[in-house]
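Work through the exercises below with the sequence and the coordinates open beside you, and try each task before you read its solution.

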Amino acid sequence: MSEELRVSPIETREAPGKRRFAMVVDTRRCIGCMACQVACKAEYDTPLGVNRTWVPYKVVGKYPNVKKQFLPRLCNHCDDPPCVRNCPVEATYKVEDGGFVLQRYERCIGCRSCMAACPYNARFMLPSHRTYTPITNVVDKCTFCFHRVTQNLVPACVQTCIGRSRVFGDLNDPNSEVSYLVATNATQVLRPEEGTKPHVFYIGADRNQTEFGRDAYRKPDVMELQRSAFKRHFDI
């Protein structure tokens with residue numbers, strides 16, 4: 001593909017006659033139940049070891065005043081997605097009406113260029129050992145449940161969230177709940193310095209606690225620290 005053709009997709013936020021779907025995540029309401037993660041896996045039969053959405057956490061504070069800081073993560077469906085620009089075969093593309101960033105599995109060559117370009121670590125390779133589907137060795141990601149939204153349903157993770165931490169809707173509609181939440185609350189996006197214009201907005205997220213990697217549950221970082229603290233407290 002020539003460099004002349006590798007241009008940024010058309011921005012869909014505030015574009016006349018276009019919808020621009022977005023998600024607002026109120027971290028103050030997230031209880032870390034992982035229902036969103038389970039619902040997403042059930043909806044897409046995502047293999048073990050990879051997730052379209054995940055909920056990392058960090059334990060913050062000082063004993064005895066400690067708490068878990070949750071930060072639900074997923075593809076940010078950016079208005080200027082670097083994954084689209086960096087895909088050499090145009091397997092990753094953006095839908096103008098809605099702003100969805102989607103994947104053409106039949107075109108993906110598994111080069112991982114999009115994975116390297118994504119600043120949010122939101123993409124992963126589907127493993128080759130899947131035997132019940134031919135969709136293997138290609139990159140996958142969250143799609144904002146495109147198939148559900150086009151049928152006037154909300155994404156599976158939003159429908160399942162028991163604390164209503166996740167809200168989904170058309171940001172270009174001034175009467176939508178997401179528009180109201182973004183307009184009336186101090187919201188944050190992840191890594192704004194990248195200039196990707198992400199459309200997952202967080203309420204109550206501490207910037208110092210937002211840059212979690214996909215390995216937030218690694219034993220040395222989280223579980224072992226908690227286990228050691230438990231043993232010290234009870235003198236085990």
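Helices (H or I, at least four residues) and strands (E, at least two) are DSSP runs, numbered from the N terminus. The model is predicted, so that local features need pLDDT of at least 70 and side-chain atom pairs count only at pLDDT 80 or more, while totals for chains, interfaces and linings use all residues. Residues are numbered from 1 along each chain as its sequence is written, and side-chain values use heavy atoms, with hydrogens and water left out.

**Exercise 1.** Determine which residues of helix 1 are buried and what covers them.

Solution. Start from the criterion: buried means under 20% relative accessible area, exposed over 50%, and partly exposed in between (1.4 Å probe, protein chains only). Within helix 1 (residues 35-44), A35, C36, Q37, A39, C40 and Y44 are buried. Next, look for contacts, that is, heavy atoms within 4.5 Å; the cover includes helix 4 (146-149), helix 5 (156-160) and strand 8 (166-170). Finally, inspect the residue that follows helix 1, D45, whose phi is positive, near 55°.

**Exercise 2.** Establish the strand order of the open sheet of 4 strands and identify its edges.

Solution. Count two strands as paired if DSSP finds at least two bridges between them. The order is then 8-1-10-9, with mixed pairing. Strand 8 and strand 9 (187-188) stand at the edges, because each has a single partner strand, and one side of each is left without a neighbour in the sheet. Strand 1 (residues 21-26) pairs with strand 8 in the antiparallel sense over 5 bridges, and M23 has F168 in strand 8 as its bridge partner.
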